[in-house]
Amino acid sequence: VGHDGNGSALAEELHELITAKGDRLQIVGFTALDGYRRLVDANAALAAWWRVVRTRDFDAEDFATIFARVVERRGASVTPDATRSAGELLASTPGEGQLRNARLATYLADLAIDAAGRRSSGVTRPTVDVTDLPPLRTEASELGHRV
C-alpha cells in the first residue's frame with residue numbers, strides 16, 4: 001500500500017474486492033511499524049474494513065528505532081546514546097489518547113530536534129544528543145527526592 005508506483009491502485013482494488021465479497025473473504029496482512037497509517041493514507045475506506053491487532057506493545061528498542069528514523073527523516077542526526085535514552089524514555093511513558101506508540105516517538109523526536117537546533121544555534125543539520133531529551137522520570141524523582 002505504501003509503494004509510490006502502485007500502492008494506491010492496489011488499495012482501491014482490495015477495497016473493491018472486500019466490498020464485493022464481504023465477510024466471506026479473509027485477509028491477513030503483516031505490516032511495518034507504520035503500516036496501518038500508510039493504509040489510512042492510501043485508502044481510508046479500506047482501512048475502515050481492517051481489524052488491526054498488534055501482537056505486542058513497543059519496547060525500548062522498537063521506540064529507539066522509530067525515534068532515530070524520525071530524526072533522520074527530519075534532516076537531523078542523532079547520537080547512539082540519545083537513541084537509546086529516547087527508547088527507554090518512550091517505553092516508560094504511558095501513551096495518552098492519540099499520542100502513543102509511533103506518534104509519541106514522533107512527538108519526542110520533534111521536541112528533541114527543536115532543542116538541538118536551539119542548542120547548536122541554527123546549524124543546518126543539528127545532532128540530537130541526550131541533553132536534548134527530557135529527563136527520564138525515576139521512582140525517586142516522582143517521590144520528590146533529588147537524584
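Five salt bridges are present in the structure, which is a predicted model. One of them pairs Glu 72 with Arg 125, whose closest N and O atoms lie 3.1 Å apart. This pair connects distant parts of the chain, since Glu 72 belongs to helix H4 and Arg 125 to the loop between H6 and S2, with the two positions 53 residues apart. Glu 72 is partly exposed, at a relative accessibility of 38%, and Arg 125 is likewise classed as partly exposed, with a relative accessible area of 41%.

A further salt bridge is formed by Asp 114 and Arg 118, with a distance of 2.3 Å between the closest N and O atoms. Both residues lie in helix H6, and because they are 4 residues apart, about one helical turn separates them. Asp 114 is partly exposed, its relative accessible area being 44%. Arg 118 is exposed, its relative accessible area of 57% exceeding the 50% cut-off for that class.

Helix H6 also contributes Arg 119, which forms a salt bridge with Asp 132 at a closest N to O distance of 2.7 Å. Asp 132 is located in the loop between S2 and helix H7 (139–142), so the pair ties together parts of the chain that are 13 residues apart in sequence. Arg 119 counts as partly exposed at 44% relative accessibility. Asp 132, in turn, counts as buried because its relative accessibility is 7%, under the 20% cut-off.

The surroundings of Glu 72 were examined next. When neighbours within four places in sequence are left aside, Glu 72 is in contact with Ser 77, Val 78 and Arg 125. Arg 125 is thus both a contact of Glu 72 and its salt-bridge partner. The C-alpha atoms of Glu 72 and Thr 127 are separated by 9.7 Å, although the two residues are 55 positions apart along the chain.

Ser 77 is placed in strand S1, which comprises residues 77–78. Ser 77 is buried, because its relative accessible area of 15% falls under the 20% limit. The side chain of Ser 77 makes a polar contact of 2.8 Å with the side chain of Thr 127. Thr 127 is part of strand S2 (127–128). Beyond its neighbours within four places in sequence, Ser 77 is in contact with Val 71, Glu 72, Arg 125, Pro 126, Thr 127 and Val 128. Both members of the salt bridge between Glu 72 and Arg 125 are therefore among the contacts of Ser 77, a residue that is itself buried.

Helix H6 covers residues 101–119, and the 19 residues should span 27 Å at 1.5 Å a residue; the end C-alpha atoms are 27 Å apart, in agreement with that expectation. The buried residues of H6 are Leu 104, Ala 105, Leu 108, Ala 109, Ala 112, Ile 113, Ala 115 and Ala 116. Their cover includes helix H4 (60–73), helix H5 (80–91) and strand S2 (127–128). Helix H4, one of these covering elements, is also the helix in which Glu 72 lies. After H6 comes Ser 121, which has a positive phi, near 55°.

A nonpolar patch of about 260 Å² on the surface is made by Leu 99, Tyr 107 and Leu 111. Leu 99 is situated in the loop between H5 and H6. With a relative accessibility of 32%, Leu 99 counts as partly exposed.

With regard to overall organisation, the protein chain contains 7 helices and 2 strands. Along the sequence these elements follow the pattern α-α-α-α-β-α-α-β-α. Of the 147 residues of the chain, 27% count as buried. Among contacts with a separation of 6 or more, 60% involve residues 24 or more positions apart. The chain exposes about 10300 Å², of which carbon and sulfur atoms supply 51%.

Key
Residues are numbered from 1 along each chain as its sequence is written. This is a predicted model: local features need pLDDT of at least 70, side-chain atom pairs count only at pLDDT 80 or more; totals for chains, interfaces and linings use all residues. Side-chain values use heavy atoms; hydrogens and water are left out. Buried means under 20% relative accessible area, exposed over 50%, partly exposed in between (1.4 Å probe, protein chains only). A polar contact is a pair of N or O atoms within 3.5 Å; within protein, one must be able to donate a hydrogen and the other to accept it, and residues adjacent in sequence count only if both atoms are side-chain atoms. Contact means heavy atoms within 4.5 Å. The expected span of a helix is 1.5 Å times one less than its number of residues. Patches are made of residues with over 30% relative accessible area and no salt bridge: like charges are joined within 9 Å, nonpolar side chains (Val, Leu, Ile, Met, Phe, Trp, Tyr) within 5 Å. Accessible areas come from the Shrake-Rupley method with a 1.4 Å probe; for residues, only the protein chains shown count as cover. A salt bridge is a side-chain nitrogen of Lys or Arg within 4 Å of a carboxyl oxygen of Asp or Glu.
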